[in-house]
Amino acid sequence: NNQRNINHHMYAGNPLAPSKYPADYLFASVMMSNPLGFFEVSNLPEDYSAELEPLVRVWREHRSELADCSIIPIGDEPSGRSWTGFLAVDEQAVPRYLLCLKEFAESEDHFYQLPVELSKQSKLTMLHGRGSATVREGGVAVEIDQTPGYLFIQIDP
């Protein structure tokens, strides 16, 4: 809950304070792990739920497929200023989903080198987030214009 103020004083001046992250980004960062929410939902402001609802709706449409996939971390180790994310592959190691997370990184674009090869004919469908992605040799080139920001992508091999 990025709006809970119980420890707000501890983050004064911190550019990575919880309140700096949009609600949908926070959900995106954990949605590949079949998240559970352990917080007081009844005390969330209405705009918090409204911000989450579009991404949660898309996630619900794809969560059973995600649950059947193996999730592989990609990009850099999360640091608050990196490009990180997850690749979901099916039981035949075929890539099915990509979640690209742009933390408070300075650049608007990044190349994700992937542990499995994507066909140049692979179709990338943007399910949620703001930006673009293109298959390149060895991985995916991504642009995200929001900081922090994310792209949730379905891969059709």
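This note covers the two open sheets of the predicted model and the strand pairs within them.

1. Basis. The model is predicted: local features need pLDDT of at least 70, side-chain atom pairs count only at pLDDT 80 or more, and totals for chains, interfaces and linings use all residues. Residues are numbered from 1 along each chain as its sequence is written, and side-chain values use heavy atoms, with hydrogens and water left out.

2. Terms. Strands are DSSP runs (E, at least two residues), numbered from the N terminus. Two of them pair if DSSP finds at least two bridges between them.

3. Five-stranded sheet. An open sheet of 5 strands runs in the order S1-S2-S3-S8-S5. Its pairing is antiparallel. Strand S1 (70-75) and strand S5 (123-129) form the edges, and each pairs on one side only. From one strand to the next, the twist averages 20°; axes here are lines fitted to C-alpha atoms, and angles run from 0 to 180 degrees between N-to-C directions.

4. The S5 edge. S5 pairs with strand S8 (residues 149-156) through 6 bridges, in the antiparallel sense. Leu124 has its bridge partner in S8: Ile155.

5. Three-stranded sheet. Another open sheet has 3 strands, ordered S4-S7-S6. Pairing is again antiparallel. The edges are strand S4 (109-113) and strand S6 (131-136), each paired on one side only. Neighbouring strands are turned by 20° against each other on average, direction ignored.

6. The S6 edge. S6 and strand S7 (residues 139-144) run antiparallel and are joined by 6 bridges. Here Arg136 has Gly139 of S7 as its bridge partner.

Technical notes: Helix = DSSP H or I, 4+ residues; strand = E, 2+ residues; numbered from the N terminus.
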